[in-house]
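Let's take a walk through this protein together, going from its interior to a few spots in its loops. Keep the structure open beside you as you read.

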Amino acid sequence: MSSKNAESLEEKNMIRDQMLATIYGQCVGDAIGLLTEFLTKEEAKEYYGKKPKMLLYSQKVPDFHRGRWKDGDWTDDTDQMILILHSILFNKGQVIANDFAQRIHRWMREGFPDLGDLGGMGLGATTAKVLSHPQFKSKPHDCAYEVWDKSQRNVAPNGAVMRTSLLGLHQWHDLEAVVKNTLEICKCTHHDPRCQASSIAVSVAVALMLQHTSMEKTSGNKSPRPVDVTAVITQAYELACQVLTTEEEKKDLWWYMNCTKLKQLDLCESAKIGYTYKCMGAGFWALKQKNFQKAMMKIVMAAGDADTNGAVAGALLACKLGLSAIPQPWKDDLVNKDWLMGYVNRFLTLQEEMSLPIDQRSTSEDLGIAKLLAEDKERNEKREAEHKRQYEERLKAQKEDCSFLPVLGSSHELPQD
């Protein structure tokens, strides 16, 4: 193998590791964040200790909310990222709003059936309203705008930014495409410009870090330079603020992206824990850190919407530090990681094929929405048939039990209780 080919293979492997790190970082941050989601900081300390150095999925409080997920399972934040992944795979690299809309609508009703789901759990209020619109599957952007407009244009939750890291991996060479793809997916459920800006900021930051790795590898430098976090934030900000219209909005975005103290973000602030800039701010605070475990523990113990904050923070910091920076137990104990990796490997292959004409790229016909809906129908019909059979058997058993009772004449009336 020539030295040029060897360098190309090494660059490919480094980019692959960085992509895997980003996806694992999202999943791990989401799953470990579930331990304190919707708790206060005081409750988190009461359950897990004042300053725990490490937490495991199995340590989560066994209350009703957390009990809906298995230990080591991610929540809706990562589920929705996977829906984007499925849509990209089926459409051979194209990002199509209507296709994603149909998938998230199906997920709301069915979850991921092959994982044993009976429906999507954890759906946010804004997303639920948009998905419930009768025209959502055909006009998602219009429906999201209508819901936002009816809210007096003042609702900016984190339901879009939580799933966007994957869009920084897709077509990472091309920032214009990254921004376009991000907006296409964000506006399916969240129209507010702050939701758009925060999603762009995260996805562009991911893409810039992959570009940095590629440039450093091809520069010929013996010692690759570390990521210039300040430069990443500045460039991500410049692209993100293009969707904002006022100087106040831009100033607010800059503050959250450059916040250096996690305490200032007040992630557990009552009634504002789901604000998109808080989540994004947690992610960019994490990007400035050097130790994945320590950073994630601080975010988890800050409580609030911890799984969503953890998902974004985990994706950004892992993208910077690499797959090896994530604690092994957090990776190993993700319950559905093998299922996910089957799709991730397809995604990595697709990224290498994006320079080819679309008809020459790998197909994922098994992910066609029409096929999935047909499978849902067949599965639900079988479930209904089984329920009917069980009901008829119980009814028959009850009749057989009643056949042993004596027949009462007119002189043996039942008591009138």
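What follows is a short tour of a predicted model.

A good place to begin is the interior. The largest nonpolar core has 119 residues, and among them Leu253 and Phe284 touch the most other members. The element that gives the most to this core is helix α10, residues 193-218, with 12 residues. If you centre your view on Leu253 and set aside its neighbours within four places in sequence, you will find it in contact with Ala197, Tyr237, Ala240, Cys241, Leu244, Tyr277 and Met280.

Next, turn to the positions that carry an annotation. An unreviewed UniProt entry places the feature "binding site" at Thr75, Asp76, Asp77, Asp307 and Thr308. These positions are spread over 234 residues of sequence, yet they cluster in space, with a largest C-alpha distance of 9.4 Å.

Start on one side of that cluster with Thr75, which sits in the loop between α3 (64-67) and α4 (76-90). Is Thr75 buried or exposed? Its relative accessible area is 1%, so Thr75 is buried, the cut-off for that label being under 20%. Beyond the residues up to four places away in sequence, Thr75 touches Asp30, Leu34, Trp69 and Asp307. With Asp30 there is also a polar contact between the side chains, at 2.7 Å.

Asp307 takes us to the other stretch of the annotated sequence, in helix α16. With a relative accessible area of 0%, Asp307 counts as buried. Not counting residues up to four places away in sequence, the residues that Asp307 touches are Gly29, Asp30, Gly33, Leu34, Glu37, Thr75, Asp76 and Asp77. Asp30 and Leu34 therefore appear among the contacts of both Thr75 and Asp307, where contact means heavy atoms within 4.5 Å.

Helix α16 itself deserves a look. It runs over residues 306-321, and its 16 residues reach 21 Å from the first C-alpha to the last, close to the 22 Å expected at 1.5 Å a residue. Why can α16 be called largely enclosed by the rest of the structure? Because 14 of its 16 residues are buried. Just after α16 comes Gly322, which takes a positive phi of about 100°.

That brings us to backbone angles. Most residues other than glycine have a negative phi. Phe38 is not a glycine, but it has a positive phi of about 70°. You will find Phe38 in the loop between α1 (3-33) and α2 (41-48), and its relative accessibility of 48% makes it partly exposed. Asp266 is another non-glycine residue with a positive phi, here of about 45°. Asp266 belongs to the loop between α13 (262-265) and α14 (276-287), and at 34% relative accessibility it counts as partly exposed.

Our last stop is also in a loop. His133 lies between α6 (125-131) and α7 (140-150). His133 counts as buried, because its relative accessibility is 15% and the label applies under 20%. Which residues does His133 touch, not counting those up to four places away in sequence? They are Cys143 and Glu146. The side chains of His133 and Glu146 are also joined by a polar contact of 3.2 Å.

How values were computed:
Residues are numbered from 1 along each chain as its sequence is written. This is a predicted model: local features need pLDDT of at least 70, side-chain atom pairs count only at pLDDT 80 or more; totals for chains, interfaces and linings use all residues. Side-chain values use heavy atoms; hydrogens and water are left out. Helices (H or I, at least four residues) and strands (E, at least two) are DSSP runs, numbered from the N terminus. Buried means under 20% relative accessible area, exposed over 50%, partly exposed in between (1.4 Å probe, protein chains only). A polar contact is a pair of N or O atoms within 3.5 Å; within protein, one must be able to donate a hydrogen and the other to accept it, and residues adjacent in sequence count only if both atoms are side-chain atoms. A nonpolar core is a set of buried Ala, Val, Leu, Ile, Met, Phe, Trp, Tyr and Cys residues joined through side-chain atoms within 4.5 Å. The expected span of a helix is 1.5 Å times one less than its number of residues. UniProt positions are given in the numbering used here, feature names are shortened, and annotations may be inferred rather than shown by experiment.
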